[in-house]
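Reader: I'm new to looking at protein models. Can you walk me through the empty spaces and the helix packing?

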Amino acid sequence: MDVERRNNVTVLGNPRGPAVVLAHGFGCDQNMWRLTVPALAEDYRVVLFDYVGSGRSDPTAFSEDRYASLGGYARDAVEVCAALDLRDAVFVGHSVSAMIGVLAAGMVPERIRALVMVAPSPRYLDDVGYRGGFSAEDVDELLASLDSNYLGWSAATAPVIMGNAERPELAAELTNSFCATHPDMARVFARTTFLSDSRDDLKTVTVPTLVLECTQDAIAPREVGAFVHRAIAGSTLVTLDATGHCPHLSAPEATNQAITAFLAGLR
């Protein structure tokens, strides 16, 4: 299996620097990190990839059984790290990839030494004593809409996820990213994402962890950031001067500054 081709792996930056793996969220691809790469490239070996079913990955490698759980996506991340023989890498995960990073770090602790969680959510559904931001009815409606009209769902949902209504070009980019994803594969990833519950997994994290939240985020409200921070012993919580669910696109300077400061502290 050629993992580098399967996951469209890209390696940039300083080949002698510590490795930083940038992992995209649902409906996205590695291009979403293009504003972060320049802030890292001088000092770090930057690894980007697309999960199978996303971006320019090999669609023939897709298996609904494998990707019906976050563990399947974590295996993608682990296999990318193994193919490049990464050691002591920092895994930067956006949205659902923050939880995928938690699972990957547990699978191969020798390869992942720290986590950066950008707008993470361990559970999107509200629960007793927990606010995830979505009721069960919300998620049922979201998934039904996605099933019936994926392109229409993408156009309607991307602006909500992105926020920053005064900058419609950001929502347009996310819409285009969603629409470039094969609908059948996107449906599997969406169900895996929005129906997952990774709250217990947070308690297993023992590596240095940075949690980045935004001041306003329709997908991961600030109660979620506080929950993640409390659940991971010794974690650092930073509230970015940013709105929406994709601060690496809407507020790259603030996001990059927080990430690079955390990385510098690991040296």
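Reader: How many residues lining the largest pocket are nonpolar, polar and charged?

Author: Start with the idea: rolling a probe the size of a water molecule over the atoms shows where empty space is left. In this predicted model, the lining of the largest pocket has eight nonpolar, two polar and two charged residues. (Ala, Val, Leu, Ile, Met, Phe, Trp, Tyr, Cys and Pro count as nonpolar, Asp, Glu, Lys and Arg as charged, the others, Gly among them, as polar.) A pocket is an open set of points on a 1 Å grid over the protein atoms alone, with protein on both sides within 12 Å along at least five of seven lines; a cavity is a set where a 1.4 Å probe fits but cannot get out; lining residues have an atom within 4 Å of a point.

Reader: What is the volume of that largest pocket, and which helices help line it?

Author: About 280 Å³, where volume is the space filled by probe spheres set on the points, joined across faces, edges and corners. Helix H6 (136-148) and H7 each give at least two lining residues; helices are DSSP runs (H or I, at least four residues), numbered from the N terminus. Among the lining residues are Asp138, Glu141 and Trp153.

Reader: And how many cavities of 30 Å³ or more are there?

Author: Three. The largest cavity has a volume of about 120 Å³, and of its 14 lining residues, Phe26, Ser95, Ile161, Phe178 and His245 lie nearest the centre. That lining has nine nonpolar, five polar and no charged residues. Helices H8 (168-180) and H9 (183-194) each supply at least two of them.

Reader: At what angle do H7 and H8 pack?

Author: Two packed helices are described by the angle between their axes and the distance between the axes. Here H7 (residues 150-162) and H8 pack at about 140°, axes 8 Å apart. (Axes are lines fitted to C-alpha atoms over the stretch in contact; angles run from 0 to 180 degrees between N-to-C directions.) Ile161 of H7 and Phe178 of H8 are among the residues making the contact, meaning heavy atoms within 4.5 Å. By class, the contact has 13 nonpolar, two polar and no charged residues.

Reader: Any fine print?

Author: Residues are numbered from 1 along each chain as its sequence is written, and side-chain values use heavy atoms, leaving out hydrogens and water. Local features need pLDDT of at least 70 and side-chain atom pairs count only at pLDDT 80 or more, while totals for chains, interfaces and linings use all residues.
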